[in-house]
Amino acid sequence: ESKIIIVVLKFLQVCCKNNEGNKVGWITSSRGDSLRRLVNLISFKRASLDVLLEACRLITILCRFDDFREKTSGPAVVSSSNDTVLELSRCGLIQVLKEWLLEADIAKNS
């Protein structure tokens with residue numbers, strides 16, 4: 001099961017990397033259902049570290065602004081990164097990642 005999840009996460013990474021439109025589309029799809037599914041996926045204690053790693057890679061891609069258009073005299077390009085971080089926080093993803101990091105730190109220091 002986790003192999004399929006990892007393939008899906010890698011597919012999302014490829015779709016969203018260097019494409020602001022796809023990032024925004026995925027973040028806003030189904031009124032946040034995509035993000036809630038991601039939260040549910042990594043909030044299970046049974047999620048493998050490989051799944052968590054790929055989820056973190058996807059989150060990093062989603063939060064990075066990738067606009068390689070030529071600079072023109074047209075309207076300024078605004079990053080969606082701040083909106084993405086806000087949506088990640090609203091859906092509870094930041095808290096889930098914090099819990100994972102705290103558990104990892106406790107395990108490391110035990």
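Is glutamate 87 buried, partly exposed or exposed? With a relative accessibility of 26%, glutamate 87 counts as partly exposed, because the buried class ends under 20% and the exposed class begins over 50%. Keep in mind as we go that this is a predicted model.

Let's stay with glutamate 87 for a moment. Its side chain meets that of arginine 90 in a salt bridge, at 2.7 Å from N to O. Both residues belong to helix α5 (residues 81-90), where they sit 3 residues apart, about one turn of the helix. Arginine 90 has a relative accessibility of 59%, so it counts as exposed.

The count of salt bridges in the model comes to 3. Side chains of opposite charge can pair when their charged atoms come close. Another of these pairs is in helix α4, where arginine 57 and glutamate 54 are 3 residues apart and therefore separated by about one helical turn. Their closest N and O atoms are 2.8 Å apart. Here arginine 57 is partly exposed at 41% relative accessibility, while glutamate 54, at 6%, is buried.

From this pair we can step across to helix α1 (residues 2-16), which holds glutamine 13. Beyond its neighbours within four places in sequence, glutamine 13 is in contact with Glu54, Arg57, Leu58 and Ile61. Both partners of the α4 salt bridge, arginine 57 and glutamate 54, are thus met again in the contact list of glutamine 13. Glutamine 13 itself has a relative accessible area of 11%, so it is buried.

Now for helix α2. Two packed helices are described by the angle between their axes and the distance between the axes. For helix α2 (residues 20-28) and helix α4 (residues 49-63), the axes come within 9 Å and cross at roughly 115 degrees. This crossing is left-handed. On the α2 side the contact is made by Lys23, Trp26 and Ile27, and on the α4 side by Leu58, Ile61 and Leu62. By residue class, the contact has 5 nonpolar members, no polar ones and 1 charged. Leu58 and Ile61 may look familiar, since glutamine 13 touches them too.

What does lysine 23 pair with in a salt bridge? The partner is glutamate 20, with the closest N and O atoms 3.2 Å apart. Lysine 23 and glutamate 20 are 3 residues apart in helix α2, so about one helical turn separates them. Lysine 23 counts as buried because its relative accessibility is 1%, and glutamate 20, at 14%, is buried as well.

Notes. Residues numbered from 1 in each chain as written. Predicted model: local features only at pLDDT ≥ 70, side-chain atom pairs only at ≥ 80, totals over all residues. Heavy atoms only, no water. Helix = DSSP H or I, 4+ residues; strand = E, 2+ residues; numbered from the N terminus. Buried < 20%, exposed > 50% of the residue type's maximum accessible area, 1.4 Å probe, protein only. Contact = heavy atoms within 4.5 Å. Axes fitted to C-alpha atoms, helices over the stretch in contact; angles between N-to-C directions. Left-handed = near helix turned anticlockwise from the far one by under 90°. Nonpolar A, V, L, I, M, F, W, Y, C, P; charged D, E, K, R; others polar. Salt bridge = Lys/Arg side-chain N within 4 Å of Asp/Glu carboxyl O.
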